[in-house]
Amino acid sequence: MRPAVPRRPVVSTRTAVITGASSGIGAATARQLSAAGYRVVLTARREDRIRALAEELPEAVAQVLDVTDRAAVDAFAASLDRVDVLVNNAGGALGAERVADADPADWRTMYETNVLGVLHMTQALLPALRASGDGTVLVVSSTAGLATYEGGGGYVAAKHGAHVLAETLRLELCGEPVRVIEIAPGMVKTGEFALTRYRGDEEKAAAVYAGVAEPLTAEDVAETITWAITRPSHVNIDLLVVRPRAQASNYKVHREG
Ligand code: NAP
């Protein structure tokens with residue numbers, strides 16, 4: 001008699017995969033989607049962070065994943081039994097140099113993370129999202145994906161790429177049971193975003209939010225993401241721009257003092 005092939009249990013709870021769940025918006029989104037009844041699959045490169053968060057949330061799973069590593073993304077996708085929602089959140093900015101002075105390596109990293117990372121995850125998980133019969137691909141882009149500013153070049157170019165990917169995918173999937181949602185936040189005060197951009201320079205990172213009474217928080221954006229995902233299946237929030245009241249454009253920010 002042939003030995004029984006071990007089978008993975010079929011997951012009955014709606015499942016949301018979140019990239020960049022180790023901090024900021026991704027971690028807050030994982031918490032809120034879990035509270036909304038989703039089984040969350042947390043991914044990021046920092047294992048300790050996602051494991052600790054997964055232990056707090058019912059049925060949550062943590063999986064180390066670099067979204068720029070296509071082979072790893074494909075292996076991850078093959079390990080999943082069910083995917084209903086993909087939150088493409090991993091990303092960020094590196095540097096604030098002008099185009100004339102920017103390091104092409106930073107631009108490459110930003111493109112690979114913010115654009116190709118979304119492409120890898122979306123391509124790998126699309127078969128499961130289609131098979132769910134009611135899938136959602138959500139892209140956390142940025143207001144930097146809609147308009148530019150001096151010193152923003154590489155990040156702005158990358159987020160424009162993410163925006164175009166979402167717009168194109170929505171056109172291409174029209175008629176299929178998969179929604180494509182883009183959430184474009186303005187200024188969000190998260191613990192690491194500006195620190196990463198300024199390579200650990202705390203003074204420069206703090207200056208981003210100086211005098212702004214209430215920048216958005218990770219929780220504000222996670223609420224918006226969760227709201228968009230939990231609309232009825234026929235309702236597709238194509239693009240939602242969310243900024244703090246004190247910010248009217250990438251340029252115009254009210255600072256007190
Ligand atoms: P954050 O705390 O720095 O989060 C970035 C997340 O991306 C981290 O969890 C990081 O995890 C993950 N990540 C980075 N590179 C990765 C890679 N190659 N593979 C997998 N994961 C990777 O910043 P945040 O403010 O929450 O930003 C989250 C998203 O919102 C980003 O896409 C950002 O561009 C966008 N956004 C932020 C703001 C803002 O003002 N904060 C505004 C608009 C849009 P590991 O390092 O553990 O891998």
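Helices and strands are DSSP runs, a helix having at least four residues and a strand at least two, and they are numbered from the N terminus. The model used in these exercises is predicted.

**Exercise 1. Shell around the ligand**

State which helices each supply at least two residues of the shell around the ligand, then give the shell by class and its nearest members.

Solution.
- Step 1: α1, residues 24–35, and α5, residues 153–173, each contribute at least two residues to the shell.
- Step 2: The shell divides into 10 nonpolar, 13 polar and five charged residues.
- Step 3: Of the 28 residues around the ligand, those that come nearest are Ser22, Ser23, Arg45, Tyr155 and Thr190.

**Exercise 2. Polar contacts and cover**

Find the distances from polar side-chain atoms of Ser22, Arg45 and Lys159 to oxygen atoms of the ligand. How much of the ligand's accessible area does the protein cover?

Solution.
- Step 1: The cut-off for a polar contact is a pair of N or O atoms within 3.5 Å.
- Step 2: For Arg45, a polar side-chain atom is 2.7 Å from a ligand oxygen.
- Step 3: For Ser22, the distance from a polar side-chain atom to a ligand oxygen is 2.8 Å.
- Step 4: For Lys159, the corresponding distance is 3.0 Å.
- Step 5: On its own the ligand has 890 Å² of accessible area, and the protein covers 94% of this.

**Exercise 3. Helix α4**

Compare the expected span of α4 with the distance between its end C-alpha atoms, then describe its cap, its kink and the residue just after the helix.

Solution.
- Step 1: α4 has 28 residues, 104–131, so at 1.5 Å a residue it should span 40 Å.
- Step 2: The end C-alpha atoms of α4 are 39 Å apart, which agrees with the expected span.
- Step 3: At the N-terminal end, Asp103 is the cap, with a side-chain oxygen 2.9 Å from the backbone nitrogen of Ala105.
- Step 4: α4 has a kink of about 50° at Leu125, shortly before Pro127.
- Step 5: Gly133, just after α4, has a positive phi of about 80°.

**Exercise 4. Positive phi in loops**

Locate Glu59 and Arg199, and give the phi of each.

Solution.
- Step 1: Glu59 sits in the loop that joins α2 (47–56) to β3 (61–64).
- Step 2: The phi of Glu59 is near 65°, positive although the residue is not glycine.
- Step 3: Arg199 belongs to the loop between α6 (193–197) and α7 (202–208).
- Step 4: Arg199, also a residue other than glycine, has a positive phi near 50°.

Technical notes. Residues numbered from 1 in each chain as written. Predicted model: local features only at pLDDT ≥ 70, side-chain atom pairs only at ≥ 80, totals over all residues. Heavy atoms only, no water. Expected span 1.5 Å × (residues − 1). Bend = angle between axes of the 7 residues up to and from the residue. Polar contact = N/O pair within 3.5 Å; in protein donor to acceptor, adjacent residues only side chain to side chain. Near = heavy atom within 4 Å. Areas by Shrake-Rupley, 256 points an atom, 1.4 Å probe, with all protein chains shown as cover. Nonpolar A, V, L, I, M, F, W, Y, C, P; charged D, E, K, R; others polar.
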